[in-house]
Amino acid sequence: MTKNNNEIIIMNKNVVLGFFGLLVALAANVHAATMAYNLDNVVWSDPGPEIINGNAAEVNVTVVTSDGKPFTLGNIAGADAINVTAKFTDDLGTQLDVTGDGVEDTFYGTETATAGTYTISINTSAQPGEYTLLLEAVAYNSTTGEVVDSANASIDTYIADPYWVTVFVDEGEEVSVANFKLKLESLTDRGALIVLNNQIDTVTPDSNGVMVRQVDLDGDGVATDWLFIESTDSGVAELKFYSKNNIIPDKISDEVSLESNTVKRNYWLKYRNRYRQVILWDKSPLSWIKSVDYYIIPSKNRNDWKVGWGRGQFGKATIVKRTTYFGIFTNEEKIYEGNIFGKNIKDDAISIKGKWAGTYAYIGNGYWEVLTGICEVKYPSYYEAKFKEAATVADLEFRGKIRSASSKEEINWDVLLSGG
Ligand SMILES: [Ca+2]
Ligand SMILES: [Ca+2]
């Protein structure tokens with residue numbers, strides 16, 4: 001009980017300290033122990049570590065007492081107990097449940113063979129999102145409850161599931177993930193109207209403005225997966241699905257449909273270690289006079305497909321437009337280069353949209369990677385789509401090898417193909 005009381009006192013103090021900078025300075029003089037930490041078995045994203053549900057993160061903490069010794073019993077006069085703990089809090093400092101049982105969690109550290117260093121194992125099953133991870137080391141007198149020396153650190157972290165699919169949709173569009181069908185009827189600030197497996201439903205924002213819902217992607221009757229619905233700058237909606245199960249299909253096939261002379265094609269650009277280019281080859285009746293071809297070239301640099309921290313959408317592609325006259329003289333122009341997910345790139349009669357990203361957390365290597373990147377292309381039916389898995393430029397097809405003097409830029413196709 002004494003232990004628990006101490007923790008409550010410390011928590012309260014931290015809340016107060018958060019608000020009053022003056023007290024922080026004062027407290028630093030009283031409790032001058034210092035703490036260093038590192039995390040293992042997590043994924044690193046730009047803002048910080050990401051803990052992956054179901055995969056115990058290991059926090060290694062090294063604490064030095066206010067007088068510069070290892071933070072261990074025997075080095076701290078008046079203390080007969082030490083607690084090194086990890087907790088998760090929200091923005092207001094409120095301690096949270098991260099295991100899904102409704103009870104706030106405290107993870108206790110154990111001292112290693114090296115005095116003053118502690119290991120804390122953290123196993124979560126929590127809603128994906130941003131959290132504050134609060135590490136505390138407290139040396140106290142178990143009889144009086146007096147805190148003799150202490151240190152703490154707070155770390156911005158993200159919690160996620162290992163599999164993560166992002167789909168960009170327009171209102172009225174239906175998507176499939178695993179065995180699950182979802183249609184987004186409408187999306188406003190006040191909520192989303194959706195059809196889940198043929199049942200109409202609404203998702204309204206929670207107190208943080210987040211539209212989230214637990215769903216059952218594999219159809220076993222237990223809703224352990226997460227669906228987030230967000231609006232984006234480009235007007236399309238972003239649907240994010242997180243799961244502990246593999247929801248990234250092992251095999252993918254392209255989908256093609258034809259609507260009044262416009263072809264709509266969903267095709268994969270990246271599938272694990274394979275990268276696919278597409279050429280939209282102009283076969284219009286007057287193409288022998290002037291043809292306009294498009295090349296969509298995904299970067300083969302894996303670093304261009306690494307993502308994290310709730311943004312599963314980075315995939316780099318370059319789109320080149322080649323205009324050729326009489327099959328001889330060619331203008332080349334890059335019309336887009338960069339992240340394609342969530343973007344709707346238009347040029348004359350074609351549109352290209354980064355549509356679907358299946359992302360996996362390589363925990364041992366510490367990064368997320370888009371394993372499956374799918375693109376939606378719409379183009380007039382007089383184009384022929386040619387798909388290539390080109391190793392070199394010779395594997396691509398070009399017409400008009402003579403670059404005209406008015407060509408907008410010189411494109412280094414070797415670099416483009418390698419993603420360098
Ligand atoms: Ca719990
Ligand atoms: Ca399920």
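**Entry 1: β1 and its sheet**

I began with β1 in this predicted model and looked up its partner: β1 runs antiparallel to strand β4 (residues 57–64), and seven bridges join them. For one position on that ladder, I noted that Asn38 stands opposite Asn60 in β4. Then I followed the pairing outward and found an open sheet of four strands, ordered β1-β4-β8-β7, with antiparallel pairing. I checked the edges too: they are β1 (34–40) and β7 (110–111), each pairing on one side only.

**Entry 2: how far to trust the coordinates**

I looked up the confidence next. The chain has an average pLDDT of 89, and 90% of the residues reach at least 70. Residues 1–29 are where I slow down, since the pLDDT there is below 50. This stretch still has 19 contacts in the model beyond near neighbours in sequence. I leave those alone, because coordinates predicted with low pLDDT should not be read in detail.

**Entry 3: the six-stranded sheet**

I traced an open sheet of six strands in the order β2-β3-β10-β9-β5-β6, and its pairing is mixed. Its edge strands are β2 (43–45) and β6 (106–108), which each pair on one side only. On average, neighbouring strands in this sheet are turned by 35 degrees against each other, direction ignored.

I zoomed in on one end of the order. β2 pairs with strand β3 (residues 48–52) over three bridges, in the antiparallel sense. Here I found Trp44 opposite Pro49 in β3.

**Entry 4: domains**

The domain assignment gives me domain 1 (2–160), domain 2 (163–243) and domain 3 (255–418). I asked how many residues of domain 1 are in contact with domain 3. I get 11 residues of domain 1 in contact with eight residues of domain 3. On the domain 1 side, the elements giving two or more residues are β2, β3 and β10 (147–160). β2 gives the most to that side, with three residues. I sorted the residues of this side of domain 1 by character and got six nonpolar, three polar and two charged.

**Entry 5: a hairpin further along**

Strand β25 (residues 316–325) and strand β26 (residues 329–339) run antiparallel and are joined by 10 bridges. I picked out Thr318 and found its bridge partner in β26, Glu337. The hairpin has three residues between the strands, and Phe326 takes a positive phi near 55 degrees there.

**Entry 6: more loop residues**

That sent me looking for other positive phi values, as most residues other than glycine have a negative one.

- Asn198 is not a glycine, yet its phi is positive, near 75 degrees. I placed Asn198 in the loop between β14 (191–196) and β15 (199–203). Is Asn198 buried or exposed? Asn198 is exposed, because the count is 7 other C-beta atoms within 10 Å.
- Ser260 also has a positive phi, about 35 degrees. I found Ser260 in the loop between β19 (255–259) and β20 (262–271). With 5 other C-beta atoms within 10 Å, Ser260 is exposed.

My last stop was Gly145, in the loop between β9 (129–140) and β10. Gly145 has 14 C-beta neighbours inside 10 Å, so I log it as partly exposed. I also took a distance from Gly145 to Ser231: their C-alpha atoms are separated by 50 Å, with these positions 86 residues apart along the chain numbering.

Technical notes:
Residues are numbered from 1 along each chain as its sequence is written. Chains are lettered from A and ligands numbered from 1 in the order in which they are written. This is a predicted model: local features need pLDDT of at least 70, side-chain atom pairs count only at pLDDT 80 or more; totals for chains, interfaces and linings use all residues. pLDDT is the predictor's confidence in each residue, from 0 to 100. Two residues are in contact if their C-beta atoms, placed from the backbone, lie within 7 Å. Two strands pair if DSSP finds at least two bridges between them. Axes are lines fitted to C-alpha atoms, for helices over the stretch in contact, and angles run from 0 to 180 degrees between N-to-C directions. Domain bounds come from an automatic or database domain assignment. Ala, Val, Leu, Ile, Met, Phe, Trp, Tyr, Cys and Pro count as nonpolar, Asp, Glu, Lys and Arg as charged, and the others, Gly among them, as polar. A residue is buried if 20 or more other C-beta atoms lie within 10 Å of its own, exposed if 12 or fewer, and partly exposed in between; C-beta atoms are placed from the backbone.
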